[in-house]
Amino acid sequence: MNIRTTRRAAAALLSLALLPAAFAGATVAQAQTPSPKPEVTIGEQTTDPQKVRDFWTAERVGQALANEKKDQAAVDRKAAAATGESRRRPVAQTRPAQSAPAVSGRTIAPLAAGSVVPEMPHAQPVPFPQSQPAVMVGKILFTAKDGTTHGCTGSSIVTANKNTVWTAGHCIHPGDGSGAEGFYNDIVFIPGFKKNDQAPEGYDAPWGEWTARAKVAPTAWTADGDMFWGDMAAFTVVPPAGYTNLTDTLGAFGYKFGSGPDWSDIIDAGFPGDGYQRTDMDGFTQFYCTGNAQDATPFFPVDDRLKVDCDMGHGASGGPMSTPEGQIVGANSHGEEDSAGNISSALLYSSAHEDNAIDVINRIGTLS
């Protein structure tokens, strides 16, 4: 277990929100050698980047945000069904566990001794969303195979190529067995995403629009839609004019994969369109929570999902669950809903970031 004090977590969160200039640079000094046979599926977005940017009109963006609720309801139902089924089946035989050295990202400078910030399950807007490090988290827009538009959240993550976004698997692939052909299209990552009704696209992108190129997700997701171990993914991006790469422009989270589901002092961020008993979320605004991550079902080895108390809802999928050291340990995957598709609790879950997460980060780092 990797447990840190709640006081330290809260102080780190306040530093994240109020002292964005206090972050150190990212490093890939501890990057791993790729597994010889990573169990991942790889796709490529070949559409001209400018055509992708032009595609996202105000109407299509509006439809994407409206579809987030329906999308997430389907994912939540899938997770609920998987949870019920897992309690009736024996423990699956998996590959030998991999160990993943921690890779450092932007680290949070400590506040003055004695500073205390309470845990915050009631999400709050990020105070400085256009500044580092908040812009390491951004909005993802994409088009499904049926032509409908959708949205999620993603974050810049440390890799050798310096141009990688981490997110949930269901934000780039339906997890329906369609393999490499099933990846979504017109994927764009927009840090600093904010509403602007006067803009032709209906939003501002003060840090540019970064279109996807290579896409990687676990085969456990693309073939089986595994909610417990597979709902994670990464994609590389093409820098817009005037920028060199994502990491040098925005900074990047590090990661610590393969270390279990129990953490304290987690910072959870996303662009929710709604939330549990919330009416103040619109999909354009970045929110965050802080608190502990726990094993979703303790003493049940088939399910090692992370569970966080946080009332963000649809649209926050793919947002990072990170440590005070700036390391991603999970990504928002699903919540809990009632039979009518309404959010029924202030809980967010992440698939276990174990072997599959290691395979994905190792493979995406070799692509451009």
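# A guided tour of the predicted model

Begin by selecting Gly175, which is buried, with a relative accessible area of 7%. The structure on the screen is a predicted model. Gly175 belongs to the loop between S5 and S6. Add Asp226 to the selection and display the C-alpha atoms: those of Gly175 and Asp226 are separated by 7.8 Å, although the two residues are 51 residues apart along the chain.

## First stop: the disulfide of Cys152 and Cys171

Remain with the loop between S5 and S6, and select Cys171 together with Cys152. A disulfide joins these two cysteines, with a distance of 2.1 Å from S to S. The value about the S-S bond is -80°, and the link of Cys152 and Cys171 is left-handed. Cys152 lies in strand S4 (residues 149-156), while Cys171 lies in the loop between strand S5 (164-167) and strand S6 (185-191), so the pair ties together parts that are 19 residues apart in sequence.

Are these two cysteines buried or exposed? Cys152 has a relative accessible area of 3% and is buried. Cys171 is buried as well, at 0%. The reasoning needs one cut-off: a residue counts as buried when its relative accessible area is under 20%.

## Second stop: the disulfide of Cys289 and Cys310

Next, select Cys289 and Cys310. A disulfide joins this pair too, and the S to S distance is 2.1 Å. Here the value about the S-S bond is 70°, and the link of Cys289 and Cys310 is right-handed. The pair links distant parts of the chain: Cys289 is in strand S13 (residues 287-295), and Cys310 is in the loop between strand S14 (306-309) and strand S15 (320-322), 21 residues apart. Cys289 counts as buried at 0% relative accessibility, and Cys310 is buried with a relative accessible area of 1%.

How many disulfides does the count come to? The count comes to 2 disulfides. When the bonded cysteines of the protein are numbered in sequence order, the pairing is 1-2, 3-4.

## Third stop: the salt bridges of Arg278

Select Arg278, and then add Asp280 and Asp311. Asp280 forms a salt bridge with Arg278, in which the closest N and O atoms are 2.9 Å apart. The side chain of Asp311 also meets that of Arg278 in a salt bridge, at 2.9 Å from N to O. Asp311 and Arg278 come from distant parts of the chain: Asp311 is in the loop between S14 and S15, and Arg278 is in the loop between strand S12 (263-270) and S13, 33 residues apart.

Colouring these residues by accessibility shows how they are placed. Arg278 is buried, with a relative accessible area of 10%, and Asp311 is buried too. Asp280, by contrast, counts as partly exposed at 45% relative accessibility.

A further pair to select is Asp303 and Arg305, whose side chains meet in a salt bridge at 2.9 Å from N to O. Asp303 is buried at 1%, and Arg305 is buried at 4%. Returning to the earlier group, salt bridges that share partners join Arg278, Asp280 and Asp311 into one network. The structure holds 5 salt bridges.

## Fourth stop: Ser350

Keep Arg305 on display and select Ser350, which is found in strand S17 (residues 347-350). Ser350 counts as buried, at 0% relative accessibility. Which residues is Ser350 in contact with, leaving aside its neighbours within four places in sequence? They are Arg305, Leu306, Met321, Gly330, Ala331 and Ser333. For Ala331, examine the backbone: its nitrogen lies 3.0 Å from a polar atom of the side chain of Ser350.

## Last stop: the nonpolar cores

In soluble globular proteins, nonpolar side chains tend to be buried together. To see this model's own case, select Trp56, Val61, Trp166 and Phe257, the residues with the most contacts inside the largest nonpolar core, which has 38 residues. The elements that give two or more residues to this core are helix H2 (49-55), helix H3 (58-86), strand S3 (137-143), S6, strand S9 (210-218), strand S16 (327-331) and helix H6 (355-364). Which element gives the most to this core? Select H6, which gives 5 residues.

Finally, select Val135, Trp210, Ala212 and Phe235. These residues are included in a second, separate core of 22 residues.

Terms used:
Residues are numbered from 1 along each chain as its sequence is written. This is a predicted model: local features need pLDDT of at least 70, side-chain atom pairs count only at pLDDT 80 or more; totals for chains, interfaces and linings use all residues. Side-chain values use heavy atoms; hydrogens and water are left out. A disulfide is a pair of cysteine sulfur atoms within 2.5 Å. Helices (H or I, at least four residues) and strands (E, at least two) are DSSP runs, numbered from the N terminus. Buried means under 20% relative accessible area, exposed over 50%, partly exposed in between (1.4 Å probe, protein chains only). A polar contact is a pair of N or O atoms within 3.5 Å; within protein, one must be able to donate a hydrogen and the other to accept it, and residues adjacent in sequence count only if both atoms are side-chain atoms. Contact means heavy atoms within 4.5 Å. A salt bridge is a side-chain nitrogen of Lys or Arg within 4 Å of a carboxyl oxygen of Asp or Glu. A nonpolar core is a set of buried Ala, Val, Leu, Ile, Met, Phe, Trp, Tyr and Cys residues joined through side-chain atoms within 4.5 Å.
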